[in-house]
Amino acid sequence: MKFDPASNIQDLLQFGEYGDVNPSITDSATFTFMQANTMLETFHGDAEGCFLYSRHWNPSNKYLADAMAAMEGTEAAWVTASGMGAISNALMHICNAGDHIVSSITTYGGTYALLANYLPKFNIETTFVDISDLESVKNAIKPNTKVIYTETMTNPLLVISDIPKLAEIAHEKDILLVVDNTFTPMIITPSKLGADITVYSLTKFVNGKNDCVAGAICGSTDFIGSLIDVNSGTSMLLGPVLDPLRSSQILKNIHTLHIRMKQHSTNAMYLAEKLSEKGVPVVYPGLVKDKGHKLMTRFMNPQFGYGGMLAIDLETTERANALMEKMEIEGVGYLAVSLGYFKTLFSCSGKSTSSEVPEDIQHKMGMSDGLVRFSVGLDNDIERTFNKIDKCMRELAIY
Ligand SMILES: *Cc1c(COP(=O)(O)O)cnc(C)c1O
């Protein structure tokens, strides 16, 4: 049977203490015990179903974590206060001082800054590679390499990572493959393709409302357990826990994620095809001519489409800015960073979400100064939206 992340979430039996269909929100930092011994056992992680303190576990966080694990097909998950909290904690938990990471050069800007600027202060070095060049990945591996890090669909150039091959390369050398799946929830399931740990910014598609920042780490029971070990767990000790009120909100939103992903994908495919017909250079893995199309088609869960992200190249920042300002006035969407929202969002990557990446490196990774990244919204009439974009393009003589 095909892996179906949406049905896995649907099948969860999660209800509250009074039969409330939305599990009760546990608005508590600490938990009481009737027997002192149970408290000690809980501290040591031996008391199943008991909660001790909300930096470690909170029932509302557990519901959301279980839903994330169900979606990813992992044994366990833990939810964090942000996507960066998930990424930094996963990497810092795996790596000790003196260890080495091989990472895709195209990643979220914050991740790039973490790897390039921050982790070196703990003597954790990163070699950045073109993740689609598997030879360069192999060649970058050193005896102290602990992690290969990539994004399923890299930001902002939407390059598709060959997760099965990367897993093979990693596992041959006892290295862990960590994958950021923020752009492609439901669509791609990294753990089913060999990834050891999947990290998420839930801020984006998974929550989908742009009303909070959150993240998740999905992996084996052993890994998640060690991450929150009271004596040595990175997440327990650095403490980037998600607030239970937010967890309960995100849990409700995750139940509509499959419907939203389908609509994001349908709309993005429509715009990609139309813009392509007009001769605009479009990056969208749903287009047959796109570099990542074959690869993605081979391992995606087919019913959710190719995702809501697309990028167009307008060559110069001036043209990109003019188009974005016009599109905002025409009501195409908002000039804003972030993604996975019900409205279309667009930004010029080099001057926003990837501005942490130095310009020479941006150019090296094939990013143009005029790259506009779209997170296509849930528009009911996408033809109408295209007509607005078309009007802007014509008025600016882009075609
Ligand atoms: C936004 C984003 C992050 C960071 O997540 P936050 O929730 O903002 O901390 C990480 N990776 C990707 C791909 C993102 O888009």
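## A tour from strand to strand

Select Val147 and Leu176 to begin: Val147 stands opposite Leu176, a residue of strand β5. The model on the screen is a predicted one. This pair is a good place to start because six of the seven residues of strand β4 (residues 145-151) are buried, so β4 is largely enclosed by the rest of the structure.

**Stop 1: β4 and the strands it pairs with**

Colour residues 145-151 to show β4. How many bridges does β4 form with β5, and in which sense do the two pair? There are five bridges, and the pairing is parallel. Now add strand β2, residues 100-104. β2 also pairs with β4 in the parallel sense, over four bridges. To find one of the contact points between these strands, select Val102, whose bridge partner in β4 is Ile148.

**Stop 2: Ala170, in a helix**

Keep Ile148 on display and select Ala170. Ala170 lies in helix α7, which covers residues 163-172. Is Ala170 buried or exposed? Its relative accessible area is 0%, and because buried means under 20%, Ala170 counts as buried. Apart from neighbours within four places in sequence, Ala170 is in contact with Ile148, Ile175, Leu176 and Leu177. Leu176 is the residue from the start of the tour, opposite Val147, and Ile148 is the bridge partner of Val102.

For a distance across the model, select Asn123 as well. Asn123 and Ala170 are 47 residues apart along the chain, and their C-alpha atoms are separated by 21 Å.

**Stop 3: β5, β6 and β7**

Go back to β5 and select residues 176-180. Strand β6 runs parallel to β5, and three bridges join the two. One place to look is Val178, which has Ile197 as its bridge partner in β6.

Next select β6 itself, residues 197-201. This strand is mostly covered, with five of its five residues buried. Show the side chains and compare their directions: Ile197, Val199 and Ser201 point one way, while Thr198 and Tyr200 point the other way. The residues on both sides are buried.

Then add β7, residues 215-219. In which sense do β6 and β7 pair? The pairing is antiparallel, over four bridges. Select Thr198 to see an example: it stands opposite Cys218 in β7.

**Stop 4: Thr126 in β3**

Select Thr126, which sits in strand β3, residues 125-129. Thr126 is buried, and its relative accessible area is 15%. Which residues does Thr126 touch, leaving out those up to four places away in sequence? They are His100, Ile101, Ser103 and Leu115.

**Stop 5: a sheet of five strands**

Move on to the open sheet with the strand order β8-β9-β12-β11-β10. Its five strands have mixed pairing. The edge strands are β8 (282-283) and β10 (334-335), and each of them pairs on one side only.

Walk through the sheet from the β8 edge. β8 and β9 pair in the antiparallel sense over two bridges. Select Val283 to find Ala311, its bridge partner in β9. Strand β9 covers residues 309-313, and four of its five residues are buried, so this strand is largely enclosed by the rest of the structure.

Stay on Ala311, which also has a bridge partner in β12, namely Arg373. Five bridges join β9 to β12 (residues 371-375), and these two strands run antiparallel.

Finish at the other edge. Strand β11 (residues 345-348) pairs with β10 in the parallel sense over two bridges. Select Tyr334 to see Leu345 of β11 opposite it.

**Stop 6: the whole chain**

Clear the selections and zoom out. The chain holds 15 helices and twelve strands. Along the principal axes, its C-alpha atoms fill a box of roughly 75 × 50 × 40 Å. The chain has a radius of gyration of 21 Å, which agrees with the value near 21 Å for a compact globule of 399 residues.

Colour the residues by burial: buried residues make up 57% of the 399. Switch to a surface view, where the chain exposes about 17,000 Å², with carbon and sulfur atoms supplying 52% of it. Last, colour by charge. The chain has 32 positive and 45 negative charges, and the mean positions of the two groups are 6 Å apart.

How values were computed: Residues are numbered from 1 along each chain as its sequence is written. This is a predicted model: local features need pLDDT of at least 70, side-chain atom pairs count only at pLDDT 80 or more; totals for chains, interfaces and linings use all residues. Side-chain values use heavy atoms; hydrogens and water are left out. The radius of gyration is taken over C-alpha atoms; the globule rule is 2.2 Å times the number of residues to the power 0.38. Buried means under 20% relative accessible area, exposed over 50%, partly exposed in between (1.4 Å probe, protein chains only). Accessible areas come from the Shrake-Rupley method with a 1.4 Å probe; for residues, only the protein chains shown count as cover. Lys and Arg count as positive and Asp and Glu as negative; His and the chain ends are not counted. The place of a charge is taken as NZ of Lys, CZ of Arg, CG of Asp or CD of Glu. Contact means heavy atoms within 4.5 Å. Two strands pair if DSSP finds at least two bridges between them.
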